[in-house]
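Welcome, and please open your viewer. We will walk through the places where the chains meet, one selection at a time.

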Amino acid sequence: MSLITLLEYASVLVFAITGALVASRAQLDLVGFAFIACLTALGGGTLRDLLLDRNPIFWIANPTHLAVGVTAAMVVFFTAHLLESRYRALLWLDSVALAVAVAAGTGVAISLDQSAVVVVLMGMITGCMGGLMRDVVVGEVPLVLQQGELYVTAAFAGAATAVIIRSILGDDALALFAGACMTWILRAGSLYFGWHLPVYKSRPPRV
Amino acid sequence: MSLITLLEYASVLVFAITGALVASRAQLDLVGFAFIACLTALGGGTLRDLLLDRNPIFWIANPTHLAVGVTAAMVVFFTAHLLESRYRALLWLDSVALAVAVAAGTGVAISLDQSAVVVVLMGMITGCMGGLMRDVVVGEVPLVLQQGELYVTAAFAGAATAVIIRSILGDDALALFAGACMTWILRAGSLYFGWHLPVYKSRPPRV
Amino acid sequence: MSLITLLEYASVLVFAITGALVASRAQLDLVGFAFIACLTALGGGTLRDLLLDRNPIFWIANPTHLAVGVTAAMVVFFTAHLLESRYRALLWLDSVALAVAVAAGTGVAISLDQSAVVVVLMGMITGCMGGLMRDVVVGEVPLVLQQGELYVTAAFAGAATAVIIRSILGDDALALFAGACMTWILRAGSLYFGWHLPVYKSRPPRV
């Protein structure tokens with residue numbers, strides 16, 4: 001199994017769990033869990049494949065991804081009540097899924113010989129759009145847009161790190177690993193320490 | 001006219017009416033009615049065609065679908081006030097549209113020689129995503145995600161029924177008909193008798 | 001630079017500004033500004049290119065569009081507080097962006113030799129869907145669906161005007177210019193004078 005395939009499975013698994021956790025907050029049934037889990041897990045990569053005209057879409061080429069998503073949804077359906085705080089679990093799993101998905105999306109775009117700008121964007125889209133679809137469909141405020149948190153920024157920094165390290169060292173695996181780490185560290189730092197960029201205020205203090 | 005074409009027109013017509021009913025609840029003008037009607041009627045099939053890289057998209061190949069959607073929107077604009085309860089009408093028409101669209105999507109995927117898993121998914125996507133787009137755009141809670149109702153489940157059961165019957169009897173028309181019936185019966189039973197699967201509860205009772 | 005390219009840049013620029021203004025209302029950080037700005041600026045054209053199977057997508061073929069969007073977001077981030085009413089600015093800029101994007105989308109579809117119906121629709125999709133995505137993602141009521149305002153109607157009228165004038169005079173540039181003017185005049189008239197079509201009322205007065 002190639003590195004990119006492995007990353008894709010990992011990202012599908014963890015994002016599916018976050019989708020199922022959101023479904024548990026909306027009190028859906030088992031099929032609803034599977035639906036939101038697959039939308040979250042496959043949404044970002046599907047958009048990436050559509051934009052890059054990659055044919056067939058990754059989960060049509062290999063429906064194992066669907067099986068992973070559905071299985072994750074089932075496990076969460078029967079075990080989510082064991083979690084003390086489903087929302088904390090959701091935030092932290094989402095941070096891991098983001099990091100892995102950014103690396104997977106970056107890797108796919110690199111393997112298709114896209115330009116650096118497009119590679120970075122595909123990393124961001126693969127990482128952010130699945131979670132965005134999950135939140136929009138369920139009617140929650142997208143995590144992507146939480147005020148004063150690093151999210152898109154973390155995805156951007158991770159994808160850019162991967163591109164830069166690859167252009168210096170020429171090693172794909174190392175570059176993707178570094179990109180995932182960078183994304184996760186920034187996102188986790190934002191969750192744990194409250195790291196953030198300055199947000200827009202309608203009347204910023206004079207400098 | 002082939003069976004699939006007939007199913008597609010029927011699904012476009014009924015979904016367009018539901019879209020127009022939602023537009024009437026949002027008090028839009030005639031063009032807004034046509035916009036939501038076409039989004040609802042064509043959204044699911046468009047996503048299916050994009051995912052399967054079917055070219056051109058069905059309503060670009062044959063814009064009659066658009067004419068059907070726009071006409072339905074106009075009729076609803078001038079007659080919706082005759083309905084006693086627009087919301088009840090919306091729910092029941094939506095159940096018919098779901099059943100027909102699941103059959104149409106399943107039929108299209110079969111005609112493209114997709115695997116059984118992908119066929120079932122395309123049936124579900126064609127059936128559910130148009131209504132989901134309608135509800136998300138208008139800002140209502142998606143019918144797809146109503147608690148304690150069969151919706152995605154009905155679509156799944158119908159598409160799976162069609163695939164199973166086709167593999168046993170080898171008759172496409174019969175398989176699609178059975179799939180539509182299965183979807184509608186489950187959805188209607190959910191609306192009328194309150195059929196549902198167990199939903200997730202944060203602390204399920206001990207068994 | 002061709003006329004269509006110029007229209008595309010103009011529409012990306014103005015829509016990006018509206019996206020950044022919406023981001024400022026949601027108090028996002030700089031990367032969030034760039035994200036919403038690019039989603040708004042590129043969303044409608046991306047959907048058009050996906051539907052028409054245009055390959056590659058316009059901003060993948062030429063990432064300068066992204067640079068325009070990101071630059072606009074940055075400028076707005078640092079200057080939006082200078083505006084007296086960001087919401088008024090947003091409405092009026094959005095009207096300009098709509099007019100330019102309708103013309104751009106119409107022009108692209110014409111250059112791909114689509115039928116008149118599809119050309120009009122692509123003008124409407126390019127004009128309306130980016131702003132719709134912006135509003136849905138941020139959780140605001142879509143401008144597209146504001147009651148008692150011309151929006152989709154203005155896009156429709158502009159695209160239809162372009163198609164009609166082109167079929168009479170055979171001049172693309174003139175047709176697109178007329179289409180943009182028609183869209184903007186209707187939209188601006190709606191904003192300034194309150195022009196609107198009759199909206200649906202549950203009990204319309206007897207005639």
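A salt bridge here is a side-chain nitrogen of Lys or Arg within 4 Å of a carboxyl oxygen of Asp or Glu. This is a predicted model, where local features need pLDDT of at least 70, side-chain atom pairs count only at pLDDT 80 or more, and totals for chains, interfaces and linings use all residues. Residues are numbered from 1 along each chain as its sequence is written, chains are lettered from A and ligands numbered from 1 in the order in which they are written, and side-chain values use heavy atoms, with hydrogens and water left out.

**Stop 1: chains C and A**

Select these two chains together. Across the interface of chain C and chain A, the rule finds 0 salt bridges. There are, however, 3 residue pairs in polar contact between chain C and chain A, both residues at pLDDT 80 or more. A polar contact is a pair of N or O atoms within 3.5 Å; within protein, one must be able to donate a hydrogen and the other to accept it, and residues adjacent in sequence count only if both atoms are side-chain atoms.

Now colour the helices of chain C (DSSP runs of H or I, at least four residues, numbered from the N terminus). Helix H2 (30–51), helix H3 (58–61), helix H4 (64–79) and helix H6 (116–138) of chain C each give two or more residues to the side that touches chain A. H2(C) has the largest share of that side, with 8 residues.

**Stop 2: chains B and A**

Next, select chain B with chain A. Contact, meaning heavy atoms within 4.5 Å, joins 27 residues of chain B to 28 residues of chain A. The area buried between chain B and chain A (accessible area, 1.4 Å probe, lost on being put together and summed over both) is about 2300 Å², and carbon and sulfur atoms give 73% of it. Show Leu51(B), Leu145(B) and Tyr200(B) as sticks: they supply 33% of the area that chain B buries against chain A, more than any other three residues.

Which helix gives the most to the side of chain B that touches chain A? Highlight H6(B), which gives 8 residues.

**Stop 3: the relation between copies**

Finally, superpose chain B on chain A by least squares on the C-alpha atoms of residues with pLDDT of at least 70 in both. A rotation of 120° with 0.0 Å of shift along its axis does this, with RMSD 0.0 Å. That is the relation of a three-fold axis. Only 11% of the interface residues of chain B are also interface residues in chain A, so the copies meet through different surfaces.

Methods
Buried area is the accessible area (1.4 Å probe) that two parts lose on being put together, summed over both.
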